[in-house]
Amino acid sequence: MPAIQQFTVTPNLPEPLQPLLKVANNIWWSWNVEAISLLRRVDPNLWDQHSGNPIAVLGTLSADRVAKLVKDKAFLANLERVVGDLDRYLSLTSWFETEHPASTDSLIGYFSLEFGLHESLPLYSGGLGILAGDHLKSASDLGLPLVGMGLAYQTGYFRQYLNHDGWQMEEYSVNDFHNMSMQLELDAEGHEVTIEVHYPGRVVTARIWRVQVGRNPLLLLDTNLPENRPEDRELTSTLYGGDHDMRIRQEILLGIGGLRALIKLGLEPSMCHLNEGHSAFLALERINLLMKNKGLSYDTAFEMVRATNVFTTHTPVPAGNDHFHPDLVRSYLASKADELGLSMDDLLALGRSNPDNKNETFCMTVLALRLSRNVNGVSELHGHVSREMWQNIWPEVPMEEIPIAHVTNGVHTRSWLCNEIARLYDRYLGPRWYEEPTNKTLWDRVNLIPDAELWRSHERMRERLVSFVRGRLQTQLLKRGANRAWVKEASQVLDPEALTIGFARRFATYKRAALIMRDPARLSKILNDPERPVQLIFAGKAHPKDQPGKELIRQLIHLAQQHNFRHRIVFVEDYNIEVARYMVQGVDIWLNTPRRPLEASGTSGMKVPPNGGINLSILDGWWCEGYKKDNGWAIGGGEDYDDQDYQDEVESTALYDLLENEIVPTFYERSSDDVPREWTHIMKNSMRTVNTEFNTNRMVEEYTQRFYVPAMDNAKRLEGDSFKKAEILGQWRAETLQAWSKVKISCVDSPPLAAHPMGTQLPVQAAVQLGDIPLDDILVEVYHGLINSAGEIEDGEPATLFPTGETKDGAAVFSGNIACRRAGRRGYTVRAVPRKEGFPLGRFETGLVVWWEENENGDCSVSGQFDRGQTRKV
């Protein structure tokens, strides 16, 4: 093969048009209506041809078109306005600067395996990536000092098409990064900035791409370099492709290589947010670099890193978390264990629920849980599911106190909002709505929008959706080689005035796309009512290895091809951000039918209410919090089932009943001006209640207040005075772990346990043998609550017992009171946990707990497990 010298050609625009590059190279344009309009105006045909990729458009402009734009005074004035808007956006004093001025010198590193920012940057597969993209956009809007870190996939996630039988097929398109809104990081001499990551027997080099997301950069690693082996060049080829060996190598690159890239660019984060467990190896590398560069011990570096890591888990089932065989981990991380001064067994223990089980696989989620002080699920229900799922990591802690919180997801409203509705918001809410999307008072003004005006705007968006789907369907059929009659018929599918239901998400079996198809005869009657027609638009991909998911798609296609469904059910191939945007902007109803409680959050449904759509969903994920009875419909009452077939029968029947008896009649009940007044009332309730809460500005503000700023404060506190406090904390943890076995609750006393009137106090006293633990380093609590039918405390709460200064048989005495606030059968027990005065640690930071237990003779002894602890009933 001949030698090839590579070089890059960039768009060459005359001076008046140069600002177009400034706009096109900042993804801010993707959520600014006027910027999108401007870039499309450059050349509408090229814009459509290049899927809204402004860099590709500018790189293929004809000289004639350039000459016309230079002479177009209106266009140049529009360009000047947009550039002015961008400059103002970048320079305005932000929310973060106002609220947290002392933290502006800190930096958040946000790590994610995928980012979904726009369809012209196909570096995502689905919900996780879309959430990460929306997170970055809101972080920019709020002015957070944040940098994103991910991988630059050469082929990204697969493109979907269906064969003649309706079976999903996959193909991969090559991303041309040089013709996308991203730029290589170069040093002062113009050379590519690179980092190196060590793998067994070799070093892999990666270059760094930058995507500017408003105020903040997203950095992406790319190993497709000639100096790397072919298998290493493939590291950043495909998202969620390959085997376990490929996955662990990708996650080493993301976590270890990503951290090195940030440091190489002078962007070392003060704290890190791990969006899922894929990047958890960064915690090991942070410890390693603190040991190597700052001379810290492992224990000191561990405290520093754990206190400044935030971890978000998105997975509601154990099988959805990355697990690696111990031998695979040994082969890739043996040298890292040596650098950390750990045995390989000690390193593997960090990723095991039971550290002593040598046969257990290494789980990235467990690693992230052990090395992050702040952990959260992505909805209230998911927080509960996560606490239940990972309770074995804290076996002595009551489930409701497992240190996993929740921050419910949101969406970046402006990225998903149609122009029609945005203009209504401008007119009736005022321009502040997009600067203050969490302002409830502003959203209450939705009621000022006239019903007819809201309805006509929504009708135009439904018509636009139908037109888009028809065109997409024709393209699909032509590509599939369908006969001309079918292609012609595709131009007539769907009715722009019919009630339109959308279902678009990953085609995993637990999401139950087929639930609405369970009774085809009943469904046909609903869809084909001549006076009140209904239509369904489906979209979504099954993972390439998910055969049951692919079979669901095939069954759907076969059903849609039947004569009675041919014009009423459509499947849109190759679901992406563009398809999602058309659907959430145009549907009347967004259908969501997961098998509860397997939907962690489900952000697709949050994108619909801002556009006037209404949710129809199982009470799972975010909808448990979002449903208010008058802002949409719930399928069922949030029940859990053991028999899945019975569950499908019950919930499909409930779905049909809602459609027949409530949804369809409400949609078609019109006033004299053909406006469905009750329907628009529900639309407005949906807008008011969902828009204000379920947006990423609220979400990022919550992360900031609860996790980011405390982590930034931890960083400053622990690294001060040459990391003295981190060293103290590390020594304290090690000494406490060694001495804790001698701590025992030797006796508990309280008055006779007769009935106690509400409003009184029940005094409790406990004697605790401290062993070598200082008195100030222990927290003793009475844990009390209602007693359930099994004799266990339910939804308990702690009350502190304070040292009295007395001793009893050599044990320190603690006393306090239980407030009798509620009537009923109640009980209590006593526990002790370590604490370190002057350090903001969680109650179960160490995972150590001692519970009170009475033996058969009535004497007191230690309880290692909560469920064996003695409960006294009141």
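## Notebook: buried spots, cores and helix crossings

I started with aspartate 574, which counts as buried because its relative accessibility is 6%. A reminder to myself before going on: this is a predicted model.

**Aspartate 574 and its surroundings.** I looked up where Asp574 sits, and found it in the loop between strand S17 (569–572) and helix H24 (577–586). Its phi is positive, about 55 degrees, and it is not a glycine. That made me stop, since most residues other than glycine have a negative phi.

Next I checked what touches this loop from elsewhere. Arginine 472 does: setting aside neighbours within four places in sequence, its contacts are Val572, Glu573, Asp574, Asn576, Glu578 and Val579. Arg472 belongs to helix H20. Is this arginine buried or exposed? It is buried, because its relative accessible area is 18%, and the cut-off for buried is under 20%. I also took one long distance from here: the C-alpha atoms of Arg472 and methionine 758 are 67 Å apart, with their positions 286 residues apart along the chain.

**Other backbone oddities.** I went looking for another positive phi outside glycine and landed on phenylalanine 723, at about 65 degrees. Phe723 is within helix H28, and I noted it as buried because its relative accessible area is 11%.

Then I turned to omega. The peptide bond from arginine 596 to proline 597 is cis, with omega near 5 degrees. Most peptide bonds are trans, so I logged this one. Pro597 lies in the loop between strand S18 (589–592) and strand S19 (614–618).

**Cores.** Which residues have the most contacts inside the largest nonpolar core? They are Leu20, Leu144, Phe281, Leu347 and Tyr708, in a core of 155 residues. Helix H28 (residues 696–739) is the top contributor to this core, giving 14 residues. I followed up on Leu20: leaving out residues up to four places away in sequence, it touches Leu13, Leu38, Leu39, Val42, Leu58, Phe75 and Leu79. Apart from this core I found another, of 60 residues, with Leu424, Ile449, Tyr656 and Trp679 among them.

Leu424 led me to helix H18 (residues 419–428), where Glu420, Ile421, Ala422, Leu424, Tyr425 and Tyr428 are buried. What do the buried residues of H18 pack against? I got helix H19 (440–443), helix H20 (451–480) and helix H27 (677–691). After H18 comes glycine 430, with a positive phi near 90 degrees.

**H2 against H6.** Leu38 and Val42, both on the Leu20 contact list, sent me to this pair. Helix H2 (residues 33–42) and helix H6 (residues 73–91) pack at about 145 degrees, and their axes are 10 Å apart. The crossing of H2 past H6 is left-handed. From H2 the contact uses Glu34, Ala35, Leu38, Arg41 and Val42; from H6 it uses Ala74, Phe75, Asn78, Leu79, Arg81, Val82 and Asp85. I sorted the contact residues by class and got 7 nonpolar, 1 polar and 4 charged.

**H10 against H11.** Phe281, from the list of core residues, pointed me here. Helix H10 (residues 244–264) and helix H11 (residues 281–294) pack at an angle of about 40 degrees, with axes 8 Å apart. That angle makes H10 oblique to H11. H10 passes H11 in a right-handed crossing. I listed the contact: Ile248, Glu251, Ile252, Gly255, Ile256, Leu259, Arg260 and Ile263 of H10 meet Phe281, Leu282, Glu285, Arg286 and Leu289 of H11. By class these come to 8 nonpolar, 1 polar and 4 charged.

**Two last residues.** I looked up serine 140, found in helix H8 (residues 127–142). Ser140 counts as buried because its relative accessibility is 0%. Its contacts, without neighbours within four places in sequence, are Trp31, Tyr89, Val213, Gly214, Arg215 and Asn216.

I finished on glycine 805, in strand S24 (residues 793–808). Is Gly805 buried or exposed? It counts as exposed because its relative accessibility is 72%. Its C-alpha atom is 9.8 Å from that of leucine 775, and the two residues are 30 apart along the chain.

Notes
Residues are numbered from 1 along each chain as its sequence is written. This is a predicted model: local features need pLDDT of at least 70, side-chain atom pairs count only at pLDDT 80 or more; totals for chains, interfaces and linings use all residues. Side-chain values use heavy atoms; hydrogens and water are left out. Axes are lines fitted to C-alpha atoms, for helices over the stretch in contact, and angles run from 0 to 180 degrees between N-to-C directions. Helices (H or I, at least four residues) and strands (E, at least two) are DSSP runs, numbered from the N terminus. Angles under 35 degrees count as roughly parallel, over 145 as roughly antiparallel, 65 to 115 as roughly perpendicular and the rest as oblique. A crossing is left-handed if the near helix is turned anticlockwise from the far one by less than a right angle, and right-handed if clockwise. Contact means heavy atoms within 4.5 Å. Ala, Val, Leu, Ile, Met, Phe, Trp, Tyr, Cys and Pro count as nonpolar, Asp, Glu, Lys and Arg as charged, and the others, Gly among them, as polar. A nonpolar core is a set of buried Ala, Val, Leu, Ile, Met, Phe, Trp, Tyr and Cys residues joined through side-chain atoms within 4.5 Å. Buried means under 20% relative accessible area, exposed over 50%, partly exposed in between (1.4 Å probe, protein chains only).
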